[in-house]
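Reader: I have a chain open on the screen and some questions about how its parts pack. Can we go through it in pieces?

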Amino acid sequence: YFFATVHFIFNLITPSTADWMSSLRQIYLDGLSGQAVDFINSAPNPNLFLDLFMLKLPYLIADLAIVLLLFKISKLKIVNKWHAAIWAFNPVILYTTYIFGQFDILVILFIFLGFAVVKKRKNIGFLLLGIAGAFKIYPYLIIIPAAFIFGKNLTERLRLLGISFLPFLITVIPTLINSPQLAIFTFFPKNIFHYKTALYGWDKY
């Protein structure tokens, strides 16, 4: 839903983005393999740099928001301003986000936001953590123990866990209705299906 919304907005600004992405997908489905330059050469785009910038813009906004959060947290003496500077120029972040195109930066943003407000507003904090979990499943490795730490009793812990699962459930329900196998598939690391024998009746990998 997030990426569909972003692409819809970007299509209003630079209509060539959607057409170019569709061309790249079709070339991939047709069997082309190689490096990024091979795909770019096979799908020429006169607005290449603008489209690439627009596609990375949500990551840049999330990255800047994290830096601002780190500066804000530095006032609490939990971290210092050097940590924000290290984050901003971290080569791992620059490579995985802006070159390789991984969107974990969005996951991390919502984790930061969740923990930034969880002490004062537990429900909102766990809802933000749940949004991180809706992007990728691994934040629940943090969410589950966090519910036991911030929850005062069993009832509150279960309530916080329920709140954190809401974003994931809301986003997966349409897929669950249309394709239960694909919905269940989202729970598993994809390398399981790449390197293991395909499950009987499953045509995903």
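Reader: Start with α4 and α6: how are they oriented relative to each other?
Author: They are roughly antiparallel, a label for angles over 145 degrees, with under 35 counted as roughly parallel, 65 to 115 as roughly perpendicular and the rest as oblique. The two helices pack at an angle of about 150°, with axes 10 Å apart. Axes here are lines fitted to C-alpha atoms, for helices over the stretch in contact, and angles run from 0 to 180 degrees between N-to-C directions.

Reader: Which residues make that contact?
Author: K56, Y59, L60 and D63 come from α4, and I93, T97, Y98 and I99 from α6. Contact means heavy atoms within 4.5 Å. By type there are five nonpolar, one polar and two charged residues. Ala, Val, Leu, Ile, Met, Phe, Trp, Tyr, Cys and Pro count as nonpolar, Asp, Glu, Lys and Arg as charged, and the others, Gly among them, as polar.

Reader: Before I go on, what kind of model is this?
Author: The model is predicted: local features need pLDDT of at least 70 and side-chain atom pairs count only at pLDDT 80 or more, while totals for chains, interfaces and linings use all residues. Residues are numbered from 1 along each chain as its sequence is written, and side-chain values use heavy atoms, with hydrogens and water left out.

Reader: Fine. Is T97 buried or exposed?
Author: T97, in helix α6, is buried, at a relative accessible area of 3%. Buried means under 20% relative accessible area, exposed over 50%, and partly exposed in between, with a 1.4 Å probe and protein chains only.

Reader: What is T97 in contact with, leaving aside neighbours within four places in sequence?
Author: K56, Y59, Q102 and I105.

Reader: Back to α4. How does α5 sit against it?
Author: The axes of α4 and α5 come within 8 Å and cross at roughly 165°. That makes the pair roughly antiparallel. The crossing is right-handed, meaning that the near helix is turned clockwise from the far one by less than a right angle; anticlockwise would be left-handed.

Reader: And which residues meet there?
Author: On the α4 side, D63, I66, V67, L70, F71 and S74; on the α5 side, K81, H83, A84, W87 and A88. They divide into seven nonpolar, two polar and two charged.

Reader: Zooming out, how many helices and strands are there?
Author: Twelve helices and zero strands. Helices are DSSP runs of H or I with at least four residues, strands are runs of E with at least two, and both are numbered from the N terminus.

Reader: What share of the chain is buried?
Author: Buried residues make up 31% of the 205 residues. As for contacts with a separation of 6 or more, 53% are between residues 24 or more positions apart.

Reader: Now α7 and α8. At what angle do they pack?
Author: Helix α7 (residues 104-117) and helix α8 (residues 122-135) pack at about 170°, with axes 7 Å apart. They are therefore roughly antiparallel. Their crossing is left-handed.

Reader: What meets what?
Author: From α7, L106, V107, F110, I111, L113, G114, F115 and V117 meet I124, G125, L128, L129, I131, A132 and F135 of α8. The split is 13 nonpolar, two polar and no charged.

Reader: Which residues of α7 are buried?
Author: D104, I105, L106, V107, L109, F110, I111 and G114. They pack against α1 (2-13), α4 (48-74), α5 (81-88), α6 (91-99), α8 and α9 (140-150).

Reader: What length should α7 have?
Author: Its 14 residues should span 20 Å at 1.5 Å a residue, and the end C-alpha atoms are 20 Å apart, which agrees. The expected span is 1.5 Å times one less than the number of residues.

Reader: F115 was in that contact. What else does F115 touch?
Author: Not counting residues up to four places away in sequence, F115 touches L129, I142, A146 and F150. At 34% relative accessibility, F115 is partly exposed. Its C-alpha is 6.2 Å from that of G125, ten residues away in sequence.

Reader: Last one: where is F3?
Author: F3 is in helix α1, partly exposed at 30% relative accessibility. Setting aside residues up to four places away in sequence, F3 touches Y59, F103, L106 and F135. The C-alpha atoms of F3 and L55 are separated by 9.6 Å, with their positions 52 residues apart along the chain.
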